[in-house]
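Biologist: I'm new to reading models like this one. Can you walk me through it, feature by feature?

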There are 2 protein chains.
Amino acid sequence: MSAKFPVLKPGATIGILGGGQLGRMLAQAAGKLGLRCHVYSPEADSCAFDVVGEKTCAPYGDEAALARFAAAVDVVTYEFENVPGETASFLARLKPVLPDPKVLATTQDRLAEKNFVAELGIATAPFAPVGSAAELAAAAEKIGAPAVIKTRRLGYDGKGQATIQKVGDAAAAWNAIGRAPAILERFVPFEREVSALAARGRAGEVVAYELIENVHRDHILHRSRVPAEVPAALAGQAIVIATKIAAALSYIGVLAVELFVVAEAGKRRLLVNEIAPRVHNSGHWTLDGATVSQFEQHIRAVAGWALARPQRLGRVEMVNLIGHEVEDWAKLLAEPGASVHLYGKREPRPGRKMGHVTKVFPES
Amino acid sequence: MSAKFPVLKPGATIGILGGGQLGRMLAQAAGKLGLRCHVYSPEADSCAFDVVGEKTCAPYGDEAALARFAAAVDVVTYEFENVPGETASFLARLKPVLPDPKVLATTQDRLAEKNFVAELGIATAPFAPVGSAAELAAAAEKIGAPAVIKTRRLGYDGKGQATIQKVGDAAAAWNAIGRAPAILERFVPFEREVSALAARGRAGEVVAYELIENVHRDHILHRSRVPAEVPAALAGQAIVIATKIAAALSYIGVLAVELFVVAEAGKRRLLVNEIAPRVHNSGHWTLDGATVSQFEQHIRAVAGWALARPQRLGRVEMVNLIGHEVEDWAKLLAEPGASVHLYGKREPRPGRKMGHVTKVFPES
């Protein structure tokens, strides 16, 4: 269906739902390609507003504002996977929305997402749906501890999660997440966290980056490096998984699949943790470390343009600047070989992603 | 004096005079660094307007608009060297203007510029001022033919120029340029055209890129490549010349010096052709071919931030897309290894710079 959408011409306008740093960097990539952007965000201090000529500040449920937005753009995409499904569906009746809003229906519900992945024959950690304290107790018994309970909806960066260290913690965890519909996942002692980042174009072609290795702190991405230190065959499997997921979703644009590398009986295998239906923090290195960034690839895909074949420019390390870490900006700017990206956010609140720094080390 | 200007903090606003592609790319670089931009341009369809949150569309002589602009920004810079001197001076009484407006007084007048260069002991082609038909005839006799007559003010991309093939052409050339105050320059058969691109920071430090080699067509830059194919010693001399000029102007920001390489009696030497007090078309390769772009260096300099030390990523070629050449955009986007930049200009008029394409070839 999406193949039928008209191919954009330079000068066309891309509507972006969400006003954070991902929307900002998408808009910057669109600008490089001669495309205009119109950012729609409910927050007045959205940092993406500062780099576009047109903006709408209105709630996601404001249908009059959405209709005006749709009339002003040629295609709609999003930087934020928690855009309400109704918002995306409303817009899709007026203009092409890419990736398709049905992707959101899958990825906004952790249970639907895990079921979708499992149905593709792709491994995940053991999981079970939880709708009540009793179900949680039963699931905890079945899956075992330690385990993590996560609300099915609206969780990111560790929010809406609680850990169950022993089966008896279940009741407290159920309260901690607000007794919302949830999913219980067995905690898997992983060797590494990795992410597979790929773009899928309108003709179904998929172009992946090399596998990325990630380190989280307090559930927030701290550091990424490329290439991941895993055997080539395992890295290849991760790319195959991302490609399979993108194809099964009829996905258009860039998506990231977060995976765990687990070592069991001396053998390594991959478990899918999460799908991010958007450009991804672990792909920010591509701005400096690859010949084409994830943001440009996403824009090319939603515009109906040819995807590029990214070449990596060296071994790459990317570190997030979280909260007050951004106050080191002057020191970082003076550091040889450091490429500093600041998102223009006014307040460095704890846990807030304020920028990132990339270093590329030429490989001999 | 400029060292006394306050150092900007992330989130500050840079005012950019001029709304073309150079302003657009400056704004994109500022965005990467968490800075806001406010573009001031008299033309409603300025392509830089599309990538900034704040814009003023008003004539350069509109003092009320200029005062509002000054009040809204923390520092002013320009992408356009023909900003009226009065505009820059007016703004400089309200906010820091970098580079200093007195630079414009030198570079907007070809005669003042050539005299300035000559006074530094730097070679140029033989030249003479022309204020009347009689002076032109005398200058043509003295300098010899072929020669080029150029209006002292407001010339770029070959406008306001006429060629004198033989001394008898002088009268026709004088009419062709509208009998405006002019400068006659001996036409020098050059081996190559090169440009030296350097940034000078507020503390006086200068960081140069490697020498760039340029090919013009119809007086418009067609193609640049780095490194220039000249002996290392000559390339070094060009960088020394640019550094000397930047220091003599107390320059803050990026400037380009266009030079001719001439071969005389088997020896090569450099003649300065022109100073561009701004980021320069021949430096667009730095967006893809260097670890820091000319646009980011300029923004760092005017913000009072540390300059970066650019590393070149390979042998680089940049080709401009002029006028209808931009209509090949889809083919170019599909070309392996081509980084396509489109400026978002609506009409591909003949001679108009619509975009550029860069290719980086890794060096072994």
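Modeller: Sure, starting with one term: two residues are in contact if their C-beta atoms, placed from the backbone, lie within 7 Å. Keep in mind that this is a predicted model, where local features need pLDDT of at least 70, side-chain atom pairs count only at pLDDT 80 or more, and totals for chains, interfaces and linings use all residues. Residues are numbered from 1 along each chain as its sequence is written, while chains are lettered from A and ligands numbered from 1 in the order in which they are written.

Biologist: How many residues does the contact take from chain A and from chain B?

Modeller: It takes 30 residues from chain A and 30 residues from chain B. To name the pieces, we use DSSP runs numbered from the N terminus: helices (H or I, at least four residues) and strands (E, at least two). On the side of chain A that touches chain B, the elements giving two or more residues are H1, helix H11 (329-333) and strand E16 (338-342) of chain A. E16(A) provides the largest share, four residues.

Biologist: How are chain A and chain B related by a turn?

Modeller: Copies are superposed by least squares on the C-alpha atoms of residues with pLDDT of at least 70 in both. Here, a turn of 180 degrees and a shift of 0.0 Å along the axis lay chain A on chain B with an RMSD of 0.0 Å. The two copies are thus related as by a two-fold rotation axis. The same surface serves both: 100% of the contact residues of chain A recur in chain B.

Biologist: In which order do the four strands form the open sheet of chain A?

Modeller: In general, strands of a sheet pair through backbone hydrogen bonds, either parallel or antiparallel. Two strands count as paired if DSSP finds at least two bridges between them. In chain A the order is E3-E2-E1-E4, and the pairing is parallel. Strand E3 (54-57) and strand E4 (75-78) of chain A stand at the edges with a single partner strand each, so one side of each has no neighbour in the sheet. Strand E1 (residues 13-17) of chain A pairs with E4(A) over four bridges, and A:Ile14 stands opposite A:Val75 in E4(A).

Biologist: At what angle do helix H1 and helix H10 of chain A pack?

Modeller: Two packed helices are described by the angle between their axes and the distance between the axes. Axes are lines fitted to C-alpha atoms, for helices over the stretch in contact, and angles run from 0 to 180 degrees between N-to-C directions. Helix H1 (residues 21-32) and helix H10 (residues 294-303) of chain A pack at about 70 degrees, with their axes 8 Å apart.
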